[in-house]
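Hello,

I am passing on the structure we talked about, and below it you will find some notes to read alongside it.

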Amino acid sequence: MAEPVEACVKAAAGAPDILGDCPFSQRVLLTLEEKKVPYKKHLINTDDKPQWFLEVNPEGKVPVIKFDEKWIPDSDVIVGILEEKYPEPSLAAPAEVSSVGSKIFSSFVKFLKSKDPNDGSEQALVEELKALEEHLKSHGPYVNGENICAVDLSLAPKLYHLVVALGHFKDWKIPESLTHVHNYTKVAFLFVVAMHLGEVEGRERGGRSGRERDDRFIFPCVHDSSDELTRLQLLFARESFEKTKAEEKYVIAGWKPKVEAA
């Protein structure tokens with residue numbers, strides 16, 4: 001059996017033994033999970049980086065991953081190498097979708113840090129989300145159609161940070177009119193909760209299994225729509241996402257000093 005791939009990712013702020021809030025680290029872990037590549041995770045306290053880490057990675061940035069006895073930084077480079085070394089299942093994205101959602105994260109950060117409600121940063125973010133909405137409406141449920149690709153795995157952690165941080169610091173939510181974006185993210189999480197509730201109810205009543213009962217009980221309006229149910233089980237609901245996401249409190253803790261310093 002091949003040795004597991006070693007990956008260095010950010011530890012949580014104030015909790016060095018817990019996975020932290022770096023969306024670029026999560027992107028790498030998501031790729032490893034989706035490709036079923038065995039890996040060993042090193043949690044790096046970015047406020048007190050261990051000497052061995054600085055020796056192999058003098059810039060001190062995360063994520064980094066070890067290939068052929070060499071530590072490689074930059075999530076874009078890492079994901080590309082993973083696709084070459086482990087081509088199945090393919091996560092390669094065609095050129096025409098490679099830039100979908102590429103400006104969402106920078107627009108989110110600008111709005112998050114903004115203290116001026118009239119500076120246009122909120123509207124700029126909404127426009128980027130609208131562009132994603134139109135793409136998903138025409139080409140979804142994922143960015144490249146029916147199958148998840150590297151662009152989805154890059155967007156997922158960034159959208160998670162957007163939802164958590166803007167909800168906490170600005171009491172802001174993605175506009176409800178952007179239904180395809182919601183299906184891509186938030187509703188998927190609600191579907192997982194609903195499935196659990198349905199399973200519990202099924203056990204309590206001794207009836208059919210919770211999975212058979214749940215979509216009727218929680219989402220009766222979409223019970224007969226397989227397309228909608230597919231969308232409900234998108235990014236945030238994937239097992240790979242659940243295994244690699246930071247807890248919301250650590251996402252908030254990670255952004256707090258940046259928001260306060262702005």
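**Salt bridges and cores**

Please keep in mind that this is a predicted model. The structure holds 10 salt bridges, and as background, side chains of opposite charge can pair when their charged atoms come close.

One of these salt bridges joins Glu-6 to Lys-66, with the closest N and O atoms 3.8 Å apart. This pair links distant parts of the chain, since Glu-6 lies in strand E1 (residues 5–12) and Lys-66 in strand E4 (residues 64–67), 60 residues apart. Lys-66 also forms a salt bridge with Glu-69, where the closest N and O atoms are 3.6 Å apart, and in this way Glu-6, Lys-66 and Glu-69 are linked in a network of salt bridges. Within the network, Glu-6 is partly exposed at a relative accessible area of 22% and Lys-66 is partly exposed at 23%, whereas Glu-69 is exposed at 68%.

Elsewhere, Lys-245 forms a salt bridge with Glu-242, the closest N and O atoms being 3.5 Å apart; Lys-245 is partly exposed at 24% relative accessibility, and Glu-242 is partly exposed at 35%.

Turning to the interior, the largest nonpolar core has 43 residues, of which Phe-108, Leu-162 and Tyr-184 touch the most other members. Among the elements that give two or more residues to this core are helix H4 (104–113) and helix H6 (150–169), and H6 gives the most, with 10 residues. A second, separate core of 14 residues includes Val-9, Leu-29, Ile-65 and Ile-78.

Best wishes

Definitions and conventions:
Residues are numbered from 1 along each chain as its sequence is written. This is a predicted model: local features need pLDDT of at least 70, side-chain atom pairs count only at pLDDT 80 or more; totals for chains, interfaces and linings use all residues. Side-chain values use heavy atoms; hydrogens and water are left out. A nonpolar core is a set of buried Ala, Val, Leu, Ile, Met, Phe, Trp, Tyr and Cys residues joined through side-chain atoms within 4.5 Å. Buried means under 20% relative accessible area, exposed over 50%, partly exposed in between (1.4 Å probe, protein chains only). Helices (H or I, at least four residues) and strands (E, at least two) are DSSP runs, numbered from the N terminus. A salt bridge is a side-chain nitrogen of Lys or Arg within 4 Å of a carboxyl oxygen of Asp or Glu.
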